[in-house]
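Please read the following report alongside the sequence and the model.

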Amino acid sequence: QGHSEARSKDVLDNSSLHPEQYFRMNPHSASIILNAVGLIPAGYFLFANVGSSFFGPLPVADRLRVPATTKLAIWNHYFDLSKFHMPVSAVLGSIVFGAAAYFSEGERRYTLIAAAVPLFSMLPYTRLVMWWGILRIKLILSADEESKAENEGAALVQTWRTQHIARITMAWIGFGAGLYALTQAALRNV
């Protein structure tokens, strides 16, 4: 008892100990932690998009055979709900995978870069490839004309869904590469 109290007193009185000494981490460990954390936003982006695209509002609207203006309104509501958190999750996953790559080395670094790039590419892809179609859908919806919604709007939503498959594919690549990089780290430590 007396010995442990004396030791505790010595530790508390020792001015050579600094708090940062307790939190030092080697780059490999930092990379593994960042890699695992990056899987969270990347996985959210991937699986939320897969779920909503194949089992969500638009497939349900297709099955129910709702009027075109209703389908556009459903798409618009879905888009407006997702337009903030989906890009944020993709970019966040990309940044965290990039940070993990910075602390990594060798083949695993390139795997993490391969995970970061497709996730980040969602933003320019959406802006350059999908943006004009998105704006046209919103314009048709604001006009509230069933015939225009039926003809042009339905085709634009179908185009958006096809283009969205490319984003899901990029998300699969990013998430899969991130998962593979974590496996590489685990195998390195075996």
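The text below covers the fold, the nonpolar core and the largest pocket.

This is a predicted model, in which local features need pLDDT of at least 70, side-chain atom pairs count only at pLDDT 80 or more, and totals for chains, interfaces and linings use all residues. Residues are numbered from 1 along each chain as its sequence is written, and side-chain values use heavy atoms, without hydrogens and water.

The protein has eight helices and zero strands; helices (H or I, at least four residues) and strands (E, at least two) are DSSP runs, numbered from the N terminus. Of its 190 residues, 39% count as buried, meaning under 20% relative accessible area with a 1.4 Å probe, protein chains only.

The largest nonpolar core holds 36 residues, and W75, F97, I137 and W160 have the most contacts inside it. Helix 8 gives the most to this core, with ten residues. Such a core is a set of buried Ala, Val, Leu, Ile, Met, Phe, Trp, Tyr and Cys residues joined through side-chain atoms within 4.5 Å. Beyond its neighbours within four places in sequence, W75 is in contact (heavy atoms within 4.5 Å) with L58, I134, I137, K138, V157 and W160.

Five helices each supply at least two residues of the lining of the largest pocket:

| Helix | Residues |
|---|---|
| Helix 2 | 27-55 |
| Helix 4 | 68-82 |
| Helix 5 | 85-103 |
| Helix 7 | 122-143 |
| Helix 8 | 146-188 |

Helix 7 gives the most to this lining, with five residues. On a 1 Å grid over the protein atoms alone, a pocket is an open set of points where a 1.4 Å probe fits, with protein on both sides within 12 Å along at least five of seven lines; lining residues have an atom within 4 Å of a point.

Definitions and conventions:
Buried means under 20% relative accessible area, exposed over 50%, partly exposed in between (1.4 Å probe, protein chains only).
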